[in-house]
Amino acid sequence: MEKSAYDPQVLKGNLDKLEDLTVRLVNAIANRRESDPAMQGPGYNLYAKAAAAYYAEMMARPEKIIEQQVQFWRKSLENFSNAQTLLNEDEQKEPAAKKGPGDRRFKNPLWASNPYFNFVRDQYLLSTEMIDQTVTGLEEIDDKEKRRVQFFARQLVDLFSPSNFFGTNPDALEKALETNGQSLVDGLANLVRDLEANDGELSVTLADPKAFEVGGNIATSPGDVVFRNRMFELIQYAPATKEVHKTPLVIFPPWINKFYILDLKEKNSFIRYAVSQGYTVFVVSWVNPDENYRDVGIDTYVEEGALAAINAVQDITGSKKVNAIGYCIGGTLLTITLALMAANGDDRVKSATFFTTLTDFSEAGDLGVFIDEDFLTAIETEVDKRGFLDSFYMSKTFSYLRANDLVYGPAVRSYMMGEAPPAFDLLFWNGDSTNLPARMAKEYLRHLYAENKLIKGEFEVNGTVIDMSKIDLPIYVVATESDHIAPWKSSFTGLSTTSGEKQMVLSESGHIAGIVNPPEAGKYGYWLNDEACTDPDEWHKAAEHHDGSWWPHWSNWLSERSGKMVEARQPGSKSHPSLAPAPGTYVVAERKK
């Protein structure tokens, strides 16, 4: 938006427009959907435990508490004194910055040069430091509860950042004056739009919804839907080479989100890359369930999902063996399927690759802080009532795992600065989430996350106890260094319980960027250690760092397990004709709200 000359009349007119938008805002909030508060935050018990631990700390070690308080008072007084000095100086000098390096919330020069903003920022950071020290120092509380207290304390600290409020955000104030209040009108319009689109719940639009079209400018790899049942569409991609490996490759993406994370644009499409390496690639595109899928469980995803897909791939290609990839919960599904197949003497899967996959949920990352009885009971009540878990809740939960990047930062730009959301393919995909069937959601959260039955050998599928040690085939495990959803150590140790050959790879970056990491980008490297991971720290210590993407290393590994080269296969067969061009119909079906 171009800078406008200051015009009091234009400013007044824009402020008047806010009144009409405010009426819509109030109506949107009044029509807010009802939900159990336990689904969106910790219950009273956590606050009570934190308070009790702090009280016990005061009783047992009063000198520690007093020292912390005195230090906080001293630093606060110094900050106030510095602000007074700067205000009284004829020429203001830029104070020494006390903020952490690279904190994007405080990029505006006024945070350092203006005494008011400088004081507000530094006092916030002092308070943040004090809260962090207090919470970290709690000793009369177990590790699991302490981690939950730390996480939700950080949520509150991030929420109250001065950059999140109009009166203490220099960027927002400057833009409001420069645009004669138009940025405020645009921002409130953006807020009302998001509230109305989500039944009164706040969910920030992260990417321009008009900038992308699934099958138009993302998810464009050529191919066809060659099989369909109520659970998924199977997409076979057109070959890019004259010859392909004999053993086909089938990919099981997560069904919490949509498959095209692996097929965004041409330059960062893992699917295009795999096709270019001479593999016959199939991808499962999961259905977005509604109340009709109430009774669908993990066993259904195994029988009507993974096994049905393997059967179809064999029928189409005539291959006796397939290679498989599982991503996130798709990898958990693949693990369960392979163990079930092993129990039944079924060895049709030749090798398996796992992307950021959890099978041991004892250390389940930041998502684990939500797994308490209040949260589980609220979820179970919700899904029993509706028949599915609305994608809104899982999407919101995952966003708050990176609140500054996925909630507060975008909210400030959209609602206080009046900016349109960016045209960013990854954020567009992030907002295109899916529902979860009722029974599956309960099994996933309670039996896997809360009770950790899979790694304990207590999880059953149709009467068969899943024993991961029975999986005896080559596996390639990719974990990511800063994964906040599937911590790399948990990913490695869980999959280490399988038998057979193992190749562990640790990619730089996180759950998405560490996987969607094309060689041409030259952005993130990886660690490689040919030894199986028994102790993650020892494995990492002995691992060798490599620059660039792990994709070529994986392709070389897989090619050795994919058989001889044969004539390239076109999508489908006589018994499996094309049902629709890729990316299919399930991926673009409107989700049930």
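This report covers the cores, aromatic pairs, surface patch, salt bridges and unusual backbone of a predicted model.

## Nonpolar cores

The largest nonpolar core has 87 residues. Those with the most contacts inside it are Leu234, Val250, Phe252, Leu338, Tyr449, Phe492 and Trp539. Helix 10, residues 298-317, supplies the largest share of this core, with 11 residues. Another core lies apart from it and holds 48 residues. Ile325, Val478, Ile512 and Leu528 are among them.

What does Phe252 contact, leaving aside neighbours within four places in sequence? Its partners include Val284 and Trp286. Ala306, Ala309 and Ile310 are also among them. The list further includes the run Ala324, Ile325, Gly326 and Tyr327. Gly330, Gly331 and Leu334 are in contact with Phe252 too.

## Leu528 in the second core

Leu528 is one of the residues of the 48-residue core. This residue lies in strand 14, residues 526-529. Its relative accessibility is 13%, so Leu528 counts as buried.

Residues up to four places away in sequence are not counted in what follows. Leu528 touches Gln503, Met504 and Val505, among others. Its contacts also include Trp539, Ala543, Glu544, His546 and His553. One of these, Trp539, is listed among the residues with the most contacts inside the largest core. The C-alpha atoms of Leu528 and His546 are separated by 7.4 Å. Along the chain, these two are 18 residues apart.

## Aromatic pairs

The whole structure contains 34 aromatic pairs. One of them joins Phe270 and Trp551 in an edge-to-face arrangement. The centres are 5.2 Å apart, with 85° between the planes. Phe270 lies in helix 9 (residues 270-276) and Trp551 in helix 20 (residues 551-559), so the pair ties together parts that are 281 residues apart in sequence. Are these two residues buried or exposed? Both Phe270 and Trp551 are buried.

Phe270 and Trp551 also belong to one aromatic cluster. Its other members are Tyr273, Tyr279, Tyr327, Phe355, Trp550 and Trp554. One of these, Tyr327, is also in contact with Phe252.

## A nonpolar surface patch

Leu156, Leu159, Phe160 and Phe165 form a nonpolar patch on the surface. Together they have about 370 Å² of accessible area. Phe165 lies in the loop between helix 6 (143-159) and helix 7 (170-178). Its relative accessibility is 39%, so Phe165 counts as partly exposed.

## Salt bridges

The structure holds 34 salt bridges. Asp132 and Arg154 form one of them, at 2.8 Å from N to O. Asp132 sits in helix 5 (residues 115-136) and Arg154 in helix 6, so this bridge ties together parts that are 22 residues apart in sequence. Asp132 is partly exposed at 30% relative accessibility. Arg154 is partly exposed as well, at 28%.

Glu373 and Arg446 meet at 3.1 Å, N to O. Their helices are 12 (residues 373-386) and 16 (residues 438-450), so the pair ties together parts that are 73 residues apart in sequence. Glu373 is partly exposed, with a relative accessible area of 45%. Arg446 has 18% relative accessibility and counts as buried. The cut-off for buried is under 20%. Asp537 and Lys489 form a further salt bridge, at 2.8 Å from N to O. Asp537 is in helix 19 (residues 536-542) and Lys489 in helix 18 (residues 488-495), so the bridge ties together parts that are 48 residues apart in sequence. Asp537 is partly exposed at 44%, and Lys489 is partly exposed at 36%. Elsewhere, Glu382, Lys385, Arg386 and Asp390 are joined into one network by salt bridges that share partners.

## Unusual backbone

Most residues other than glycine have a negative phi, and most peptide bonds are trans. Which residues depart from this? Asp199 has a positive phi, near 55°. This residue lies in the loop between helix 8 (182-197) and strand 1 (223-228). Its relative accessible area is 34%, so Asp199 is partly exposed. Asn452 also has a positive phi, near 55°. Its place is in the loop between helix 16 and helix 17 (453-456). Asn452 counts as buried, at 8% relative accessibility.

The peptide bond from Ala582 to Pro583 is cis. Its omega is near 10°. Pro583 is in the segment after strand 17 (580-581).

Definitions and conventions: Residues are numbered from 1 along each chain as its sequence is written. This is a predicted model: local features need pLDDT of at least 70, side-chain atom pairs count only at pLDDT 80 or more; totals for chains, interfaces and linings use all residues. Side-chain values use heavy atoms; hydrogens and water are left out. A nonpolar core is a set of buried Ala, Val, Leu, Ile, Met, Phe, Trp, Tyr and Cys residues joined through side-chain atoms within 4.5 Å. Buried means under 20% relative accessible area, exposed over 50%, partly exposed in between (1.4 Å probe, protein chains only). Helices (H or I, at least four residues) and strands (E, at least two) are DSSP runs, numbered from the N terminus. Contact means heavy atoms within 4.5 Å. Rings of Phe, Tyr and Trp (its six-membered ring) pair if their centres lie within 6.5 Å; planes under 30 degrees apart count as stacked, over 60 as edge-to-face and the rest as tilted. Patches are made of residues with over 30% relative accessible area and no salt bridge: like charges are joined within 9 Å, nonpolar side chains (Val, Leu, Ile, Met, Phe, Trp, Tyr) within 5 Å. Accessible areas come from the Shrake-Rupley method with a 1.4 Å probe; for residues, only the protein chains shown count as cover. A salt bridge is a side-chain nitrogen of Lys or Arg within 4 Å of a carboxyl oxygen of Asp or Glu.
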